[in-house]
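Work through these short exercises with the structure in view. Try each task before reading its solution.

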Amino acid sequence: MRQRYFLLILRPLAGACVSIILLLLSSCQTELEVAPAVPPASSYDAVVATKWSALTLQLVRQSPGFTPPVAARALGYAGLTLYESVVAGMPGHRSLAGQLQQLGSLPQPEFGPAYRWPLSANAAQASILKNLFANAPAASRARIDSLEGALARAYAGPDVATAERSAAYGRAVAEAIFAWSKTDGGHEGYLRNFPSSYVPTTNPGDWQPTENGLGPMQPYWGSNRTFLALDAAMPMPAPLPYSVLPTSQYYAQYLEVYAKNISLTQEEKELAVWWADDPSDTFTPPGHSYNLARIVVNATQADLGKAAETFARTGIAVADAFVICWKCKYTFNNERPYTFVRRVIDPNWVPFWPSPPFPGYSSGHATQSAATAVVLEGLYGSLTFTDDSHVGRGRDVGRATDFKARTFHSFWETAEESALSRFLGGIHSRQDNEVGLREGRKIGQHINSLQWK
């Protein structure tokens, strides 16, 4: 009797469940039939990404006030905008909204209508760059409009509605990211590179304005919001304690810089100049890293989706590296070799490269290059490639050096060489570079640990 009772109850329930399942399957089938095919971002080449990255680097060089920290910030937002404008067309990938500090949400594409992802990326890059480089010369801003128009025509396709929808989506993403960027503390940083409100400390071993008479540059940059909370939480590593005793580690660090600087080989001079990336002549050190990403995208023939992720990771890497590095610089205000050597070892010494207008410890070159190397390795593994960033530049007559392409067998080699270049230039001690490389590696690892997929 008990078994029959349960059967009487279960039979109608089972029938109801079957009916619900059939109804759901029917609904899903109808949805799939009416939804148009949407080619993923991976089905397109990376031309949109590489052309916009090239123009971004031109804007860095041509726009007044784009010092390395300011340039790094712009590259961070440009790379992120590229990624977010196409991530909806990258199956298996995730937006960084909700993963980055105070970035709660971003516009989403409509479900159903088709999108052409190169057009979304194109409109997004044009929009974000116009905002980030609001002070760019008129001719440079005209190039933004020109490139946007050329790429819009190249990828338009036969469906005008799809083209307009795709571009509108890209612009909406860029506008949302720019609105978020204005709350990070670095908005329009190009207008306040050398604030008069900051007065350098004068304790023994503290940094002082050097032979160029400038400084301090961006002393408050370290208080800006980082993209990643993990980066903001990094503790500041203390430098060696100050000492003028010849037997001290501190003295040995600066003596080593001096000894090497007065005996540079021609090859070492070329290495130092290659990575100098003076903002007045090049696209700055973070721009060099962004260009390495561009070189790798081209060399591997990456698709649009892979290229977008490459520039996003690289841009965020250099942006956060400069915030963390600048926080370290102005926490400890450590003097440059120029100051210590002339005061304690040789009053007539002049370093191979002019001393920059901000504290030495730790090295910005080392920090951002290490972060970049780690994120690129996370995407491409070990790779042999040639850095031709400065090929075509005229000879540096004053230093008797030419700009020759350099080949690397791993991304970490670029980080180590970039750091070494500052030691050879006479503007960083060994501890500046070693700590910068170590901290930069952490930043890169944090970025790779985001839920990209």
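**Exercise 1. Survey the whole protein.** Find how far apart in sequence the contacting residues lie.

Solution. This is a predicted model. Take contacts between residues at least 6 apart in sequence. Of these, 83% join residues at least 24 apart. Next, count the elements: the protein has 15 helices and 2 strands. Then take its extent. The C-alpha trace spans about 100 × 60 × 45 Å along the principal axes. Finally, look at burial: 54% of the 453 residues count as buried.

**Exercise 2. Place Asp206 and list its partners.** Which residues does Asp206 touch, not counting those up to four places away in sequence?

Solution. Start with the location. Asp206 sits in the loop between α6 (160-181) and α7 (229-232). Its contacts are Thr201, Phe332, Asn333 and Glu335. With Thr201 there is also a polar contact between the side chains, at 2.6 Å.

**Exercise 3. Test Asp206 for a salt bridge.** How far away is the nearest side chain of opposite charge?

Solution. Asp206 is buried. The nearest candidate is Arg343, 9.4 Å away. A salt bridge needs the nitrogen and oxygen within 4 Å. Asp206 therefore has no salt bridge.

**Exercise 4. Find the partner of Arg343.** Which side chain meets Arg343 in a salt bridge?

Solution. The partner is Glu335, at 3.1 Å from N to O. Now compare exposure with the cut-off for buried, under 20% relative accessible area. Glu335 has 1%, so Glu335 is buried. Arg343 has 44% and counts as partly exposed. Glu335 is also one of the residues that Asp206 touches.

**Exercise 5. Trace two bridges across the chain.** How many residues separate Arg73 from Asp184, and Arg430 from Glu256?

Solution. The structure holds 12 salt bridges. Take Arg73 and Asp184, whose closest N and O atoms are 2.9 Å apart. Arg73 is in helix α3 (residues 68-86), while Asp184 is in the loop between α6 and α7, 111 residues apart. Both residues are buried.

Now take Arg430 and Glu256, which meet at 2.4 Å, N to O. Arg430 belongs to helix α15 (residues 430-448) and Glu256 to helix α8, with their positions 174 residues apart. Arg430 is partly exposed at 36%. Glu256 is partly exposed at 26%.

**Exercise 6. Inspect helix α12.** Which residues of α12 are buried, and what helps cover them?

Solution. Helix α12 covers residues 337-345. Its buried residues are Pro337, Tyr338, Thr339, Phe340 and Val341. Their cover includes α8 (249-261).

Note on methods:
Residues numbered from 1 in each chain as written. Predicted model: local features only at pLDDT ≥ 70, side-chain atom pairs only at ≥ 80, totals over all residues. Heavy atoms only, no water. Helix = DSSP H or I, 4+ residues; strand = E, 2+ residues; numbered from the N terminus. Buried < 20%, exposed > 50% of the residue type's maximum accessible area, 1.4 Å probe, protein only. Lys, Arg positive; Asp, Glu negative; His and termini not counted. Polar contact = N/O pair within 3.5 Å; in protein donor to acceptor, adjacent residues only side chain to side chain. Contact = heavy atoms within 4.5 Å.
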